[in-house]
Amino acid sequence: MNLGILISGRGSNMEAILKAIKRQKIRINPAVVISNNQDAVGLKIARRMGIKTEVVQSKGFSGTRWEYDRMIIKALQKHGVTEKNGIICLAGFMRILSPEFIRKYRHRILNIHPAVLPAFPGLHAQKQALDYGAKYSGCTVHFVDEGVDTGPIILQAIVPIKDNDTEETLSKRILSKEHKIYPQAVMLIAEGKVKVDGRKTSIKSQGR
Ligand code: GRF
């Protein structure tokens, strides 16, 4: 299996996944990191870790969403991340994917969201949870479908919200959980342990 990671910025989830692959020997080949932003800090981290990188600049691109996504797909396929043998992790990739892209890689695209879905989808999820007065939030790894943060859930982790939390302190605590469950989800997928049935996923435990 070949893994492609799509990023736009600092790439801390990407780094957590790449480190886990090296350390825990997840049976997946980290084939490429692709960014829509040439200045993404994560690109430097990936290169330092010896991972191939590609930039498909989105700023200034005037074509359709699908035309842009076709360039991403070309970059993925160049590195063997195909619809037969590929897994794609969105890790702070700040673009919505076209339905054509999602259909092509159905149940092969993962995303991490910094809230316990279906609560607080979309942008600024940590601030949404604080403003709502929630006592708990957390993070979710899910398959990407045609909606925004609506695909089948693979793993979730819970983080208590403290009275004095700010968006920054809460985001930081949630992020440390993200760095645990995202690599774990990639490992489960790589081991073929995740089964999808409609909206629901089930995880095969050892010996079953
Ligand atoms: C994370 O908070 C993730 O949940 C959200 O975007 C942020 C990406 O951070 N989807 P990083 O680039 O992985 O550090």
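Which hand does the crossing of α1 and α6 have? In this predicted model, the crossing of these two helices is right-handed. Helix α1 covers residues 12–24, and its axis lies 9 Å from that of α6, at a packing angle of about 50°. The two helices are therefore oblique to each other, since an angle of this value falls outside the ranges that count as roughly parallel, roughly perpendicular or roughly antiparallel. On the α1 side, the contact is formed by Ser12, Asn13, Ala16, Ile17, Ala20 and Gln24. On the α6 side, Leu175, Glu178, His179, Tyr182, Pro183, Val186 and Met187 take part. Sorted by class, the residues of this contact comprise eight nonpolar, four polar and one charged.

Helix α6, which spans residues 167–190, also packs with α5, residues 125–132. Here the angle is about 120° and the axes are 9 Å apart. That angle makes α5 oblique to α6, because the roughly perpendicular range ends at 115 degrees and the roughly antiparallel range requires over 145. The crossing of α5 with α6 is right-handed. From α5, the residues involved are Gln126, Lys127 and Leu130, and they meet Glu167, Leu170, Ser171 and Ile174 of α6. The contact of α5 with α6 holds three nonpolar, two polar and two charged residues.

One member of this contact, Lys127, deserves a separate remark. Lys127 belongs to helix α5 and has a relative accessible area of 38%, so the residue is classed as partly exposed. Between Lys127 and Leu188 there are 30 Å from C-alpha to C-alpha, with a separation of 61 residues along the chain. A second lysine, Lys193, is located in the loop that runs between α6 and β8, the latter being residues 194–197. Lys193 is buried because its relative accessible area is 17%, where the limit for a buried residue is 20%. The C-alpha atoms of Lys193 and Ile88 are 17 Å apart in space, while the two residues are 105 positions apart in sequence.

The discussion now turns to strand β5 and its surroundings. Strand β5 consists of residues 109–113 and includes His113. With a relative accessibility of 3%, His113 counts as buried. Leaving aside residues up to four places away in sequence, His113 touches Phe120, Pro121, Gly122, Ala125, Gly138, Cys139, Thr140, His142 and Asp149. Two of these partners, Cys139 and Asp149, are taken up again below.

Several backbone features call for attention. Most residues other than glycine have a negative phi, and most peptide bonds are trans. Against that background, the peptide bond joining Leu117 and Pro118 is cis, with omega about 15°. Pro118 is situated in the loop between β5 and α5. His107 is not a glycine, yet its phi is positive, at about 60°. This residue, His107, sits in the loop between α4, residues 99–104, and β5. His107 counts as partly exposed because its relative accessibility is 33%. Asp149, also a residue other than glycine, has a positive phi near 60°. Asp149 is placed in the loop between β6, residues 136–143, and β7, residues 153–160. The relative accessibility of Asp149 is 15%, and Asp149 therefore counts as buried. Asp149 is also one of the residues that His113 touches.

What does a search of the whole structure find in the way of disulfides? The search finds zero. A disulfide is a covalent bond between the sulfur atoms of two cysteines. For Cys89, the closest cysteine sulfur is that of Cys139, at 14 Å, which is too far for a bond; the criterion applied for a disulfide is a sulfur pair within 2.5 Å. Cys139 likewise takes part in no disulfide, its nearest cysteine sulfur being that of Cys89, 14 Å away. Cys89 counts as buried because its relative accessibility is 0%. Cys139 is buried, with a relative accessible area of 0%. Cys139 is, in addition, among the residues touched by His113.

How values were computed
Residues are numbered from 1 along each chain as its sequence is written. This is a predicted model: local features need pLDDT of at least 70, side-chain atom pairs count only at pLDDT 80 or more; totals for chains, interfaces and linings use all residues. Side-chain values use heavy atoms; hydrogens and water are left out. Helices (H or I, at least four residues) and strands (E, at least two) are DSSP runs, numbered from the N terminus. Buried means under 20% relative accessible area, exposed over 50%, partly exposed in between (1.4 Å probe, protein chains only). Contact means heavy atoms within 4.5 Å. Axes are lines fitted to C-alpha atoms, for helices over the stretch in contact, and angles run from 0 to 180 degrees between N-to-C directions. Angles under 35 degrees count as roughly parallel, over 145 as roughly antiparallel, 65 to 115 as roughly perpendicular and the rest as oblique. A crossing is left-handed if the near helix is turned anticlockwise from the far one by less than a right angle, and right-handed if clockwise. Ala, Val, Leu, Ile, Met, Phe, Trp, Tyr, Cys and Pro count as nonpolar, Asp, Glu, Lys and Arg as charged, and the others, Gly among them, as polar.
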